[in-house]
Amino acid sequence: MALSGIQIYKLLPQTNCKECGFPTCLAFAMKLAAKQVELSSCPYVSEESKSQLAESSAPPVRLVSLKSDGYEVKAGNEVVLFRHEKTFYNKPGLFVKVTDDLDEGQIKAALVPAEAYQVNYVGIELSVDGFAVESVSGSPEAFAKAVQAVRSVSKRPLILLASDPAVAAAGLSALSGETALLCAADATNWEAMADLAKEHKAALAVRGATLDELADLTEKIKTKGVEDLVLDPQAGGLSGELSQDVLIRRLALKKNFRPLGFPTIRFPHSIPAAAQAVAKYAGFVVLDSFAPELVYPLLVLRQNIYTDPQKPIQVQPGLYEINNPNAESPVLVTTNFSITYFSVANEVESSGLPAWLLVTDAEGMSVLTAWAAGKFDSERIAKAVKSLNIGDKVSKKRIVLPGHVAVLSGELEAELPEWEIRVGPREAVDIPKFYKQALG
Ligand code: SF4
């Protein structure tokens with residue numbers, strides 16, 4: 001049962017020491033009741049109070065982890081409906097499906113490209129998270145063989161799709177020392193599936209036509225000692241899935257409704273359905289097949305949604321060499337916001353023109369934002385130039401400022417009197433033209 005802010009307050013030290021970042025214990029208690037802070041932010045809670053608060057501070061959506069050979073896919077543990085309220089924590093795992101009517105060669109041919117797929121997006125390596133094996137043959141032997149074939153290609157976590165407990169048992173027995181997701185228990189098989197999940201330490205997906213049915217099943221399965229559950233709600237169409245997923249998240253977060261406090265799994269058959277599942281609020285997304293042109297936008301969408309809005313994606317500040325610069329090459333300046341860095345670096349690199357790229361520490365903000373926040377100014381740029389000894393690397397001392405901060409040129413001249421300060425274009429796409437016309 002969730003505790004109110006006042007009930008939580010009575011269990012806190014009530015010293016108003018402010019170490020949690022709030023002016024009073026009551027303010028902290030209110031935030032804790034709203035699931036917007038974590039209990040660990042207060043270092044002075046007694047052990048007795050901690051245990052009483054455990055239920056209240058437990059994440060409303062249970063964390064479920066699939067593990068195998070060093071890989072881990074986590075889902076759940078979310079505390080907000082909208083990313084801007086705090087952040088989303090665990091990206092939905094993207095899984096690619098194969099069926100057990102394929103022979104070993106066909107399974108390998110289908111999965112090898114997906115296993116090898118890796119793409120760099122603003123300095124972050126993105127890839128699929130795992131694979132799903134579906135029983136369509138109904139044969140335990142065929143299912144076990146298919147699971148083994150997948151394992152010969154990849155060590156990533158698996159989802160086993162088999163509703164017949166005998167088939168599911170064969171698939172689980174083909175694995176060892178890992179936590180897979182077994183999918184799915186329903187009203188007809190839940191006892192046998194729960195026993196299997198417990199025996200093999202697997203997470204268990206629960207399938208129900210309605211939210212009432214799902215809630216009823218999760219409560220029953222928990223009595224069998226299986227806690228790592230995933231919801232597989234059966235709604236038809238995009239709008240049906242959307243309203244179910246939103247209802248589940250709202251009930252878990254706003255009503256602390258524990259029977260639906262689990263991550264969900266979705267099986268989209270179209271790109272819009274996959275994008276919707278990533279955005280709202282799937283924990284696991286199983287794709288029918290692998291295609292880079294489908295997976296890449298999903299990975300990028302996911303990355304953007306699951307980036308902490310208070311922690312922009314950053315690159316390491318420093319001096320970057322592009323196209324083997326020499327002592328005559330200009331020094332371009334930008335900030336360490338990833339997208340800004342890659343926009344500039346990609347334009348210069350693809351132009352083939354050599355340059356030094358000075359990336360200043362602007363706390364991950366873009367040029368204009370950083371300038372407005374006082375994180376990108378002449379003093380910081382000059383300090384970076386000096387601390388990195390850039391003057392020793394070039395004979396022709398030319399610095400190019402982004403056009404958006406032309407206003408800094410006078411101050412930078414005063415800070416770096418030996419340097420020629422140039423104002424470049426506002427947009428990265430115009431850098432090559434500027435380089436050829438003004439610096440070449
Ligand atoms: S850190 Fe703990 S004791 Fe201090 S103000 Fe916050 S809640 Fe109260």
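This is a chat about a predicted model of one protein chain with a ligand.

Reader: Okay, I'm new here. How many helices and strands does the chain have?
Author: There are 16 helices and 17 strands in it.

Reader: And what box do the C-alpha atoms fill?
Author: Taken along the principal axes, the box is roughly 80 × 65 × 40 Å.

Reader: How many residues is that, and what share counts as buried?
Author: The chain has 440 residues, and 50% of them count as buried.

Reader: Let's pick a strand. What about β15, is it mostly covered or mostly open?
Author: Mostly covered. Strand β15 spans residues 355–360, and six of its six residues are buried.

Reader: Which way do the residues of β15 point?
Author: They split between two sides. Ala 355, Leu 357 and Val 359 point one way, while Trp 356, Leu 358 and Thr 360 point the other way. Residues on both sides are buried.

Reader: Cool. How does β13 pair with β15, parallel or antiparallel?
Author: Antiparallel, over five bridges; β13 is residues 318–322. If you want a spot to look at, find Tyr 320, which stands opposite Leu 357 of β15.

Reader: And β14, parallel or antiparallel to β15?
Author: Strand β14, residues 331–335, runs parallel to β15, and five bridges join the two. One pair to look for is Thr 334 with its bridge partner Val 359 in β15.

Reader: What does the chain pass through to get from β14 to β15?
Author: It goes through helix α12, residues 338–351. That makes a β-α-β crossover, and a right-handed one.

Reader: Switching topic: where does the ligand sit?
Author: In the second largest cavity.

Reader: Which residues are around the ligand?
Author: Four cysteines to start with: Cys 17, Cys 20, Cys 25 and Cys 42. Then there are Pro 13, Thr 15, Asn 16, Lys 18, Glu 19, Phe 28 and Pro 43.

Reader: How many of that shell are nonpolar, polar or charged?
Author: Seven are nonpolar, two are polar and two are charged.

Reader: One more. Where does Val 64 lie?
Author: Val 64 is in strand β1, which covers residues 64–68.

Reader: Why does Val 64 count as buried?
Author: Because its relative accessible area is 0%, and buried means under 20%.

Reader: How far is Val 64 from Lys 97, in space and along the chain?
Author: Their C-alpha atoms are separated by 20 Å, and the two are 33 residues apart along the chain.

Technical notes. Residues numbered from 1 in each chain as written. Predicted model: local features only at pLDDT ≥ 70, side-chain atom pairs only at ≥ 80, totals over all residues. Heavy atoms only, no water. Buried < 20%, exposed > 50% of the residue type's maximum accessible area, 1.4 Å probe, protein only. Helix = DSSP H or I, 4+ residues; strand = E, 2+ residues; numbered from the N terminus. Pairing = 2+ DSSP bridges. Right-handed = clockwise from strand over helix to strand, strands pointing away. Near = heavy atom within 4 Å. 1 Å grid on protein atoms, 1.4 Å probe; cavity = no way out; pocket = protein on both sides within 12 Å on 5 of 7 lines; lining within 4 Å. Sits in = over half its atoms within 2 Å of the grid points. Nonpolar A, V, L, I, M, F, W, Y, C, P; charged D, E, K, R; others polar.
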